[in-house]
Amino acid sequence: MKIKFSVIVNCKNSQEYLKDCLDSILNQSYEDFELIIIDNNSIDSTFKIINTFNDERIKYFNTKKDLSLGAARNLGIRHSSGSYIGFLDSDDLWHKNKLEETRKTIELYDSSIIYSNGSYFNEKKSQKLYSNDKSFNSNIFEQQIESYNLCISSCIINKFYLLKLDFYFDEKLEVCEDYDLFLRLLMQQSASYIPEVLTRYRMHQNNLTKKKRFLFFEERNFVVERLKKVYHLSDFLYNRMINQILFDKCIAFWKEENNSKAISLLLHKINFNFFKKGYYSLIFLIPYKLVSPLFEILKLKKMDI
C-alpha cells in the first residue's frame with residue numbers, strides 16, 4: 001500500500017536545532033513524502049540552513065510576516081498534497097522508521113490520528129513519554145480529557161478526517177491549538193498507537209509549556225466551553241474536563257511554591273469529595289521542591305526544566 005505523507009515543519013528563528021530536525025526527516029526509510037517548511041519570518045540563519053539541503057521533496061515558504069503557530073501550520077496544510085500529515089517542531093527529531101511504522105499501522109486501522117511513543121530529552125537525560133507499552137488503538141477522547149498527553153511531533157493526522165472539520169488550527173490560540181484540533185479529530189474517529197519510541201521531544205527553556213504555563217489553563221477552558229456549545233459535549237464530560245483543568249492549575253501553583261493558592265483553588269473550586277480534598281490539601285502543604293526528588297525516583301514525574 002503506497003501512502004504519501006506531508007511533513008510540515010514550522011520555523012521561527014530555528015537555527016540552533018533545525019539541521020538535526022530536517023536530517024531526521026529526509027533520512028526516513030520510507031521515502032514517499034513531501035517536506036513543507038514554513039519559515040515564519042525568521043531573522044537568523046534559518047534560511048541559510050534550509051538552503052544547504054538539495055532535495056526535490058522540499059517545499060519552502062516564507063511568510064514575510066509574523067504568523068501565529070496555528071496560522072503557520074494551516075498554511076502548511078493548505079500547501080500539502082499527502083493523504084496523511086505530520087507536524088515536526090523544528091527542535092524535535094524523528095527516528096528513521098517513523099513514517100514506515102506509521103504506514104504499517106495505517107494498513108491495519110482506520111484512525112484520525114496515528115501517534116507513537118516518544119522521549120523527552122535534554123542535555124542531561126531522557127524519559128519516555130508513555131511509560132508502558134499497552135496499545136491505545138481505541139477511542140482515547142476520554143483518556144485525553146483527563147490527562148492530555150499527545151505530543152504534536154509524535155502525531156500523524158489522517159487528512160480525510162481533517163477535511164471534515166469546520167476549521168483546522170484555531171489561529172487565535174497561542175498554546176492550545178493542537179489540543180483543540182486533536183480533541184475535535186478524536187470526537188470523529190479513534191486513534192492508533194505505536195509503542196516504539198519514534199519521536200524525540202527536546203526540552204529547553206524556550207518551550208512554550210515552560211514560558212506560558214498558565215495560559216494553557218485559560219485556553220484549555222476556552223476549548224472546552226466551545227466543545228460544549230458547538231459540538232454538544234455532554235454535561236458529564238464537560239464537568240470532568242473543567243475539573244481536571246482546575247486541578248492541573250492547582251498543581252502548577254504548587255510547583256511554583258504558591259501553596260496557598262493551590263489549596264484555596266482545591267477547596268473552593270474543585271469537585272472532589274471531602275477525603276480527596278483533605279488528602280491533596282496535605283500534599284500541597286509540603287513544598288514541591290522537597291517531594292520532587294521522590295517523584296522522580298518513583299518515576300511519577302515527567303521531565304521538567
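**Leu265 and its surroundings**

I began with Leu265, which is buried, with a relative accessible area of 14%, in a model that is predicted. I found Leu265 in helix α11, which covers residues 259-269. Setting aside residues up to four places away in sequence, I noted that Leu265 touches Leu246, Lys249, Cys250, Phe253 and Ile270. I also looked up how Leu265 stands to Leu18, and the two are 247 residues apart in sequence and 41 Å apart in space, taken from C-alpha to C-alpha.

**Cysteines**

Cys250, one of the residues touched by Leu265, led me to ask how many disulfides a search of the whole structure finds. The search gives zero. For Cys155, which is in no disulfide, the nearest cysteine sulfur is that of Cys151, 6.9 Å away. A disulfide needs the two sulfur atoms within 2.5 Å, so I can see why the sulfur of Cys250, which is 17 Å from the closest cysteine sulfur, in Cys176, is too far for a bond. Both cysteines that I followed are in the interior by accessibility: Cys155 is buried, with a relative accessible area of 1%, and Cys250 counts as buried at 0%.

**The nonpolar cores**

Next I asked which residues of the largest nonpolar core touch the most other members. They are Tyr115 and Phe182, in a core that has 50 residues. I then listed the contacts of Phe182, leaving aside its neighbours within four places in sequence, and found Ile113, Tyr148, Leu150, Ile152, Cys155 and Ile157. A second core, separate from this one, has 27 residues, including Val7, Cys21, Ile50 and Ile114. Cys155 thus appears twice in my notes, as a cysteine in no disulfide and as a contact of Phe182.

**Helix α9**

I turned to helix α9, which runs over residues 213-230 and has 18 residues. From its first C-alpha to its last, α9 reaches 26 Å, close to the 26 Å expected at 1.5 Å a residue. When I asked which residues of α9 are buried, the list was Arg213, Phe216, Phe217, Glu219, Arg220, Val223, Val224, Arg226 and Leu227. I noted that charged residues are among the buried ones, including Arg226, which is also linked with Asp170, Asp180 and Arg184 in a network of salt bridges. After α9 comes His232, whose phi is positive, near 60°.

**Salt bridges**

The network made me look at salt bridges across the structure, which holds 16 of them, and I followed three pairs in some detail.

The side chains of Asp23 and Lys19 meet in a salt bridge at 2.8 Å, N to O. Why are Asp23 and Lys19 separated by about one helical turn? The two residues are four residues apart in helix α1, residues 18-26, and this spacing accounts for the separation. An α-helix has 3.6 residues a turn, so residues three or four places apart point the same way. Asp23 counts as partly exposed at 22% relative accessibility, and Lys19 also counts as partly exposed, at 45%.

Lys59 and Glu34 have side chains that meet in a salt bridge at 2.7 Å, N to O. This pair links distant parts of the chain, with Lys59 in strand β3 (residues 58-62) and Glu34 in strand β2 (residues 33-39), 25 residues apart. I checked whether each partner is buried or exposed: Lys59 counts as partly exposed at 32% relative accessibility, whereas Glu34 is buried, with a relative accessible area of 3%.

The third pair is Lys212 and Glu174, whose side chains meet in a salt bridge at 2.6 Å, N to O. Here too distant parts of the chain are linked, 38 residues apart, since Lys212 lies in the loop between α8 (208-211) and α9 and Glu174 in the loop between α6 (159-162) and α7 (177-186). Lys212 counts as partly exposed at 31% relative accessibility, and Glu174 counts as partly exposed at 41%.

**Asn40**

My last entry concerns Asn40, and I first asked where Asn40 is placed. Asn40 sits in the loop between β2 and α2 (46-51). At 4% relative accessibility, Asn40 counts as buried although its place is in a loop. Leaving aside its neighbours within four places in sequence, Asn40 is in contact with Asn10, Cys11, Lys12, Thr63, Lys65, Asp66, Leu67, Ser68 and Ala72.

Notes: Residues are numbered from 1 along each chain as its sequence is written. This is a predicted model: local features need pLDDT of at least 70, side-chain atom pairs count only at pLDDT 80 or more; totals for chains, interfaces and linings use all residues. Side-chain values use heavy atoms; hydrogens and water are left out. The expected span of a helix is 1.5 Å times one less than its number of residues. Buried means under 20% relative accessible area, exposed over 50%, partly exposed in between (1.4 Å probe, protein chains only). A salt bridge is a side-chain nitrogen of Lys or Arg within 4 Å of a carboxyl oxygen of Asp or Glu. A nonpolar core is a set of buried Ala, Val, Leu, Ile, Met, Phe, Trp, Tyr and Cys residues joined through side-chain atoms within 4.5 Å. Contact means heavy atoms within 4.5 Å.
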